[in-house]
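Work through these short exercises with the model open. Try each task before you read its solution.

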Amino acid sequence: MDLQECTAAIRAKVGDDSGLNALLKFDCGSDGVVFVNALEVPNTVSNDNRDAGCTVTLALADLSALLSGELNPVNGFMMGKLKVAGDMSVAMRLQKVV
């Protein structure tokens with residue numbers, strides 16, 4: 001998946017009210033970012049590079065694998081494929097969305 005396909009997949013998974021109640025960013029480096037504003041209802045998903053309470057840094061290929069179910073979030077974290085900065089509790093709640 002490219003960044004736009006990942007953004008659309010996250011938008012579909014988050015829906016109008018994900019229950020995350022946080023600002024979350026997936027940072028794929030030079031490939032771009034996916035920003036989730038789950039503080040407001042309806043939740044919004046964009047490619048704006050804004051500050052977030054929790055930032056998950058990973059390669060675009062790993063984000064694609066995460067969204068398709070090929071990569072388990074906990075395994076990805078333990079293997080170092082994704083790094084979490086900020087509020088770890090948001091990352092833990094993210095499991096129910098992706």
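**Exercise 1.** Find the bridge partner of Thr55 in E5.

*Solution.* This is a predicted model. Start at Thr55 and cross to E5: the partner is Ala85. Next, look at the strands themselves. Strand E4 covers residues 54–58, and 5 bridges join E4 to E5. The two strands run antiparallel.

**Exercise 2.** Give the strand order of the open sheet, then explain which strands stand at the edges.

*Solution.* The sheet has 5 strands with mixed pairing. Read across: E3-E2-E1-E4-E5. Strand E3 (44–46) and E5 each have a single partner strand, so each has one side without a neighbour in the sheet. That puts E3 and E5 at the edges. From one strand to the next, the twist averages 15°.

**Exercise 3.** Which strands does helix H1 touch, and which does H2 touch?

*Solution.* Take H1 (residues 3–14) to begin. H1 packs on the sheet and touches E1 (23–27), E2 (33–37) and E3. Its direction makes about 20° with that of E2. Now take H2. H2 also packs on the sheet, touching E1, E2 and E4. The direction of H2 makes about 110° with that of E4.

**Exercise 4.** Locate the salt bridge and classify both residues as buried, partly exposed or exposed.

*Solution.* The structure holds 1 salt bridge. The side chains of Asp62 and Lys81 form it, at 4.0 Å from N to O. Asp62 sits in helix H2 (residues 60–68). Lys81 lies in the loop between helix H3 (73–78) and strand E5 (82–86). The two residues are 19 residues apart. Now classify. Asp62 has a relative accessible area of 17%, so Asp62 is buried, because buried means under 20%. Lys81 has 36%, so Lys81 is partly exposed.

Methods
Residues are numbered from 1 along each chain as its sequence is written. This is a predicted model: local features need pLDDT of at least 70, side-chain atom pairs count only at pLDDT 80 or more; totals for chains, interfaces and linings use all residues. Side-chain values use heavy atoms; hydrogens and water are left out. Helices (H or I, at least four residues) and strands (E, at least two) are DSSP runs, numbered from the N terminus. Buried means under 20% relative accessible area, exposed over 50%, partly exposed in between (1.4 Å probe, protein chains only). Two strands pair if DSSP finds at least two bridges between them. Axes are lines fitted to C-alpha atoms, for helices over the stretch in contact, and angles run from 0 to 180 degrees between N-to-C directions. Contact means heavy atoms within 4.5 Å.
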